[in-house]
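This report goes through a structure for a reader who has not met it before. Please look at the sequence and the model first.

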Amino acid sequence: MAFQILLNFLLAVTWMFFESSMELSTFIVGYLLGALVIFFMRRFFSSRFYVYRLFSIIKLMLIFLRELLLSNLAVLKVVLSPKLDIQPGIFAMETRLTSDWEVTLLANLITLTPGTLVVDVSSDNKILYVHAMDIEDAEEAIEDIRSSFEKAIMEVSR
Amino acid sequence: MNVSEIDEFIGALLILIGGIISVISATGIIRFPDVYTRAHAATKSTTLGVLLSLVGAFIYIWLTENYISVRLMLGIVFVFITAPVSGHLIIRAAYRSKVNMTEDTVEDELKKVLDNQTEVH
């Protein structure tokens with residue numbers, strides 16, 4: 001991915017030299033043309049066309065913002081309810097993610113969605129131990145959210 | 001209501017919502033029974049409250065003064081990156097120093113795993 005972006009910058013700079021103008025608008029035109037060239041040459045690269053990956057990053061952010069808002073509302077409801085009937089607990093959750101930054105990102109996303117908090121990560125990075133605020137009704141729904149996060153992260157790293 | 005009033009209204013509304021969420025999460029810190037559930041209220045709803053306040057300030061300055069404040073954007077990003085990590089570290093330290101929980105239901109795996117680790121050593 002980094003290589004493709006660098007190549008795109010290089011093509012844009014080459015376009016600026018062709019036009020012999022050092023303005024931002026020329027750079028942008030060159031960048032778009034370079035992206036087009038890389039798109040048509042995409043089968044010579046080992047990884048995907050990098051714009052797809054940008055799209056999946058944006059999709060991950062949108063999913064995350066939606067979950068943050070929804071689950072914050074859920075926690076506010078718990079806080080404001082007159083009787084506090086929560087059943088906290090810690091459950092283990094296996095993850096299919098392998099590299100360090102993916103696991104870190106997943107743990108951060110889980111921690112920022114209310115109702116769940118990562119307590120520990122096993123030493124082989126395979127299992128996350130998650131503290132849930134309301135374990136009974138939450139576990140299945142949480143598993144759904146989790147798979148959506150995990151899938152989105154996998155789409156980014158693929 | 002002319003345009004600049006609407007702009008001010010949007011920014012002020014976001015800041016107000018952020019303040020309300022911060023107050024509610026502070027209430028949660030008082031009401032919840034143990035460290036772990038308190039950390040739930042402390043790390044996340046507070047983050048959302050701070051985030052909404054910062055976004056409100058950003059929009060307000062942008063629309064009324066016509067000035068895009070990069071520092072506010074950086075502040076939003078930094079809060080987002082650091083808040084979950086600090087919450088995780090505090091909770092992990094609490095768990096490792098054996099702070100008790102309330103009436104837990106499923107407190108499975110982690111305790112067993114940690115006990116096994118201490119046996120091995």
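T47(B) is part of helix 2 of chain B, which covers residues 35–65. The model is a predicted one. With a relative accessible area of 6%, T47(B) falls under the 20% limit and so counts as buried. Setting aside residues up to four places away in sequence, T47(B) touches V79(B) and A83(B) in chain B, and also L112(A). L112(A) appears again below, where the two chains meet.

A second residue for a closer look is L72(B), located in helix 3 of chain B. L72(B) has a relative accessible area of 16%, under the 20% limit, and therefore is buried too. Apart from neighbours within four places in sequence, L72(B) is in contact with L54(B), A57(B), F58(B) and I61(B). Between L72(B) and S4(B) there are 21 Å in space, C-alpha to C-alpha, and 68 residues in sequence.

Chain A offers a third case, N8(A), which sits in helix 1 (residues 2–19) of that chain. Is N8(A) buried or exposed? N8(A) is buried, because its relative accessibility is 0% and the limit for buried residues is under 20%. Its contacts, leaving out neighbours within four places in sequence, are Y31(A), G34(A), A35(A), I38(A) and Y50(A).

The table sets the three residues side by side.

| Residue | Helix | Relative accessible area |
|---|---|---|
| T47(B) | helix 2 of chain B | 6% |
| L72(B) | helix 3 of chain B | 16% |
| N8(A) | helix 1 of chain A | 0% |

Next comes chain B as a whole. Chain B has 4 helices and 0 strands, so its elements read α-α-α-α from the N terminus on. Of its 121 residues, 33% are buried. Counting contacts in chain B between residues at least 6 apart in sequence, 62% join residues at least 24 apart. The exposed area of chain B is about 7300 Å², and 67% of that comes from carbon and sulfur atoms.

Helix 3 of chain B runs over residues 70–96, which is 27 residues. At 1.5 Å a residue, this helix should span 39 Å, and because its end C-alpha atoms are 39 Å apart, the model agrees with that expectation. The buried residues of helix 3 include L72(B), I76(B), F80(B), A83(B) and P84(B). Further along the helix, G87(B), H88(B), I91(B), A94(B) and Y95(B) are buried as well. After helix 3 comes K98(B), which has a positive phi, near 60°.

The last topic is the meeting of the two chains. How many residues of chain A are in contact with chain B? There are 36, and they touch 36 residues of chain B. The chains bury about 3100 Å² between them, with 70% of this on carbon and sulfur atoms. On the side of chain A, the residues that lose the most area to chain B are V79(A), I90(A) and L112(A), together 19% of what that side buries.

Between the chains there are 2 salt bridges. One of these joins the side chains of R96(B) and D120(A), at 2.5 Å from N to O. There are also 7 residue pairs in polar contact between chain A and chain B. Elements of chain A that each supply at least two residues to the side touching chain B include helix 4 (100–112) and strand 2 (116–121). Helix 3 of chain A gives the most to that side, with 9 residues.

Technical notes
Residues numbered from 1 in each chain as written. Chains lettered and ligands numbered in written order. Predicted model: local features only at pLDDT ≥ 70, side-chain atom pairs only at ≥ 80, totals over all residues. Heavy atoms only, no water. Buried < 20%, exposed > 50% of the residue type's maximum accessible area, 1.4 Å probe, protein only. Contact = heavy atoms within 4.5 Å. Areas by Shrake-Rupley, 256 points an atom, 1.4 Å probe, with all protein chains shown as cover. Expected span 1.5 Å × (residues − 1). Buried area = accessible area lost by both parts, 1.4 Å probe. Salt bridge = Lys/Arg side-chain N within 4 Å of Asp/Glu carboxyl O. Polar contact = N/O pair within 3.5 Å; in protein donor to acceptor, adjacent residues only side chain to side chain.
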